[in-house]
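Biologist: Please take a close look at a single part of this structure and describe how its elements are put together. I would value one connected account, with each term explained where it appears.

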Amino acid sequence: GAAPSWTDWIYRALTFLVVSCPCALVISIPLSFFAGIGGASHEGILIKGSNYLEALSDAKYLVFDKTGTLTQGVFEVTGVHHSTLEEAELLEYAALAECASSHPISKSLQKAYGKEIDRSRVSDIEEISGHGITAVVDGHTVAAGNAKLMKKLGIEAVECHSVGTIIHMAIDGQYAGHIVISDVPKPHAKEAIAALKKCGVKKTVMLTGDTKRVAEQVAAELGVDEVRSELLPGDKVTEVEKLLAAKGPHEKLAFVGDGINDAPVLTRADIGIAMGSDAAIEAADVVLMDDDPKQIVKAIRISRKCIGIVKQNIVFSLIVKFGCLALVAAGIADMWAAIFADVGVMILAVLNAIRALRVHNL
């Protein structure tokens, strides 16, 4: 047949121009991120920018602070052993002896006793720093403290095989048993660690200032892969540096903390995730309004869904556009196809982007 005329070529060029307009990409990609961030905030997860949302989807290493993040940071009496008295009676003596102290351990003893404390029954309270307390309760001399206190008083203490803070008790110079106080794991902590593994997180690490024995028991109970114990706040940064050096180029490390001491580590990690505390919120990239560790899993799932939608939109838009460009160049497709490849694809991509808002069932 005859060669196409000038008008044909101009028509094809204009059609080509309409198809090649990148509206679908330019509108749908930022919209997917906005929808993802909006959906997350609706669930109580505040992500401070689309770059952090993207980084979160590549999180392969999760580092946790222990107290207040995986555990409640609230001490509870978890056992009374080798007691010569009734359990309740020993707790009563301990609570009365500790009644003047505002230390978290004293508070937990008072809470375990559970009754109003009559201070008139207590006299001669003496606090021995780093050891414990001696007092006179109902005319009996009561000593409550660690093994060092018992040694100082010349009383033989029975070692405890449980893990936690051990309060040895002596009444009138006789050993009366010991009370075990432990920091309790958060209800969903174990579930959250298991769910993170399912999500494709390679390694979970717990950092704590606690003793090795306590830290290892908590890690075993929760299913954490690695534990680094007896750390000072500054040591946490060093441990994170080591982990950052060991990971792959496209893998990201997230640190989850709740305390003021965690601010330097939150800033150093690829993604800092904070729970609760104001100082931590300042330094973090992702803030969980709820103190539930399961929110971390939700945040990762939201980020992955959002990045998935972005990739779908890019691939879909480019395939349709290149297909239409080829058809237009060959003279098969006309302006109708071009308008579909531009406006139609844009509407479909926007509708797909809106799916990122729906995160409540993730």
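Modeller: Two strands are said to pair if DSSP finds at least two bridges between them. Strands (E, at least two residues) and helices (H or I, at least four residues) are DSSP runs, numbered from the N terminus. The model is predicted, so local features need pLDDT of at least 70 and side-chain atom pairs pLDDT 80 or more, while totals for chains, interfaces and linings use all residues. Residues are numbered from 1 along each chain as its sequence is written, and side-chain values use heavy atoms, with hydrogens and water left out.

The part I have chosen is an open sheet of six strands, ordered β3-β8-β7-β6-β5-β4, in which the pairing is antiparallel. At its edges stand β3 (71–81) and β4 (122–128); each has a single partner strand, so one side of each is left without a neighbour in the sheet. On average, neighbouring strands are turned by 20 degrees against each other, direction ignored; angles are taken between axes, which are lines fitted to C-alpha atoms (for helices over the stretch in contact), and run from 0 to 180 degrees between N-to-C directions.

Within the sheet, β5 (residues 132–137) and β6 (residues 140–145) are antiparallel and share six bridges. Here Val136 faces its opposite residue, Thr141 in β6. The two strands form a hairpin with two residues between them, and in that turn Asp138 has a positive phi of about 50 degrees. On the next step across the sheet, β6 pairs with β7 through four antiparallel bridges, and Ala144 stands opposite Met169 in β7. Strand β7 (residues 165–171) is in turn joined to β8 (residues 174–185) by seven bridges, again running antiparallel. Thr165 has Ile181 in β8 as its bridge partner.

A helix also belongs to this picture: α5 (residues 104–113) packs on the sheet and touches β3, β7 and β8, its direction making about 60 degrees with that of β3. Contact here means heavy atoms within 4.5 Å.

For comparison, there is an open sheet of seven strands with mixed pairing, in the order β1-β13-β12-β11-β2-β9-β10. Its edge strands, β1 (45–47) and β10 (226–228), pair on one side only. Its neighbouring strands, too, are turned by 20 degrees against each other on average, direction ignored. A parallel pair is found between β12 (residues 271–275) and β13 (residues 286–288), joined by three bridges; Ala274 is opposite Val287 in β13.

Away from the sheets, the axes of helix α7 (residues 189–198) and helix α12 (residues 294–329) come within 8 Å and cross at roughly 25 degrees. The residues that meet are Glu191, Ala192, Ala195 and Leu196 in α7 and Lys294, Ile296, Val297, Ile300 and Arg301 in α12. This contact has six nonpolar, no polar and three charged residues, where Ala, Val, Leu, Ile, Met, Phe, Trp, Tyr, Cys and Pro count as nonpolar, Asp, Glu, Lys and Arg as charged, and the others, Gly among them, as polar.
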